Each structure stands twice: as structure tokens, then as C-alpha cells.
Amino acid sequence: MLERLATDRGAILFDPARVAVPGGLLFDPAHWRARGALTEQAGGRGSVQYIDAGEGGWVLRRYLRGGMAARIARDRYLWTGEERTRSFREIRLLAELRERGLPVPVPVAARFRRHHLAYDAELITERLPGARSLFEMLAAGKMDDARWAAIGRCLRHFHDAGVHHADLNANNIMLGEHREVWVLDFDRGRLRHPGSWSGRVLDRLARSLAKANDGANEWKVGFALLRLAHDA
């Protein structure tokens, strides 16, 4: 059960079982850096920061815009109400998906801070120890038929549950040492009735794989196996 804490110009949602002392310091990289507990990794629209906290570590993600919008306000979004902030929507969705038994990261805490008609936001989830992204595994030549099929079956579970991922790509599918599969980054994700939209989600993943492989076609055989397992 997530609890809410009002803060200066905003609020925090957190899991009291994982956060003993909620507050702004949770989301402050300088705080963790001073304790020698912060590792930064470039990726996506900004940087992902790993925090040495909790049993397996945490991942701190700041919501950042991409494309042309980033030139205007890289980390600001239009304020339309607390429950419509990206961080609160995503942490609530993750909590719901965990309740349904779907393989997503454990949500730890989320925050937003208002800036007049705009806000910024962050999300903390538990790290997945030993997991590597589909992009990394493919680049390392470690994708076999069983892994592709496992991804397909996993995505089918999400789609049967009506989980619409807004930006499924090779970087937010994570793979474990024993063919475990997790899905990350549910910003703008939502629950809806299962339907033909799932095919468009897979098409987006295919475009991501094509782009990641820079014209190479090796991924196509694997993706065909993924699609076969998904549609079976």
C-alpha cells in the first residue's frame, strides 16, 4: 500500500515497507553521491542513477522530455493535477501490475514538485540484480531461440491483462540469467481492454530492434520467434 507525504510544492508517494524515512533527500543525487552510494549511467533521454540502498539497490529516474519539446522545457510538464503527474501515474500502475503478478520492477517512491503551471518528477524502483537489457544481450550475441520465445510469452501475459506499454523498445525489456523477463518504463502506460493495439506495440519493438542493429538483419529471425510465441 502506497502512502502519501505532502512536501514543499508537491508530494511523495512511497512504499513504507521499503522507505523508512521518506523525504526529498530520497530523490537528491547529491545526497547519495556524498555517501558514495550513487552510480550514474547514460541512457535514454537523460541519465539513470543507481543508488546503493535497500536490499538489491534502487534505480532513480528523472522524467525528461525528448525531441523538440526538450528545447523548450527538458524536465518540465504542464500541471493538470496531482493524479495526472507522470510519476504518480506510473508508480500506481506499477503497484497494480505487481498485484496482478506481472514481472515489473518493485515501485519504491515517486515525487512531483510544482513550478507554477508546470511540474517536474522522479521515480524510484528496485533494481533488477544481474538483469541485462534485450539491446545489450543482442549486441553481445547472447540471444537464443528460448530467450526470444520467453519474451514473446511474457509480452502476451501483459497484453492479455490489457497492459499497454507506450514505448516498448529493446532497452526496456530486461533479461535474467535463467531466461526471466521483466518490462520497465511504464511512463504513459495504461490499462485498457485487450485488442489489436497489441500488434502495434510489437511493431514499435520491431522498429526499435531494427534501429538498434543499424541495418543488420540478424534480429529478424529472433523477432519472428518472439511474435510466434506471443500469438500462439
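**Helix packing and internal spaces in the predicted model**

The axes of helix 5 (residues 145–160) and helix 7 (residues 218–231) come within 7 Å and cross at roughly 40 degrees. Axes here are lines fitted to C-alpha atoms, for helices over the stretch in contact, with angles running from 0 to 180 degrees between N-to-C directions; helices themselves are DSSP runs (H or I, at least four residues) numbered from the N terminus. The model is predicted, so local features need pLDDT of at least 70 and side-chain atom pairs count only at pLDDT 80 or more, while totals for chains, interfaces and linings use all residues. Residues are numbered from 1 along each chain as its sequence is written, and side-chain values use heavy atoms, with hydrogens and water left out.

Helix 5 and helix 7 are therefore oblique to each other, given that angles under 35 degrees count as roughly parallel, over 145 as roughly antiparallel, 65 to 115 as roughly perpendicular and the rest as oblique. Helix 5 passes helix 7 in a right-handed crossing (the near helix is turned clockwise from the far one by less than a right angle; anticlockwise would be left-handed). On the helix 5 side, the contact (heavy atoms within 4.5 Å) includes Trp-148, Leu-155 and His-159, and on the helix 7 side Trp-219, Phe-223, Leu-226 and His-230 are among the residues involved. By class, this contact has 9 nonpolar, 4 polar and 4 charged residues, where Ala, Val, Leu, Ile, Met, Phe, Trp, Tyr, Cys and Pro count as nonpolar, Asp, Glu, Lys and Arg as charged, and the others, Gly among them, as polar.

Helix 7 also packs on helix 6 (residues 197–212), at an angle of about 165 degrees and with the axes 11 Å apart. Helix 6 and helix 7 are therefore roughly antiparallel to each other, and helix 6 passes helix 7 in a right-handed crossing. Here Trp-219, Phe-223, Leu-226, Arg-227 and His-230 of helix 7 meet helix 6 residues including Leu-202, Leu-205 and Leu-209. The residues of this contact divide into 8 nonpolar, 3 polar and 2 charged.

Helix 5 and helix 6 complete the set of pairs described here. Their axes come within 11 Å and cross at roughly 145 degrees, again with a right-handed crossing of helix 5 past helix 6. Trp-148, Leu-155 and His-159 of helix 5 touch Trp-197, Ser-198, Val-201, Leu-202, Leu-205 and Leu-209 of helix 6. The contact between helix 5 and helix 6 comprises 7 nonpolar, 2 polar and no charged residues.

Turning to empty space, the structure holds 1 cavity of 30 Å³ or more. On a 1 Å grid over the protein atoms alone, a cavity is a set of points where a 1.4 Å probe fits but cannot get out, whereas a pocket is an open set with protein on both sides within 12 Å along at least five of seven lines; lining residues have an atom within 4 Å of a point. Grid points are joined across faces, edges and corners, and a volume is the space filled by probe spheres set on the points. The largest cavity contains about 60 Å³ of space. Leu-155, His-159 and Val-201 are among its lining residues, and helix 5 supplies the largest share of that lining, 3 residues.

How values were computed:
Helix = DSSP H or I, 4+ residues; strand = E, 2+ residues; numbered from the N terminus.
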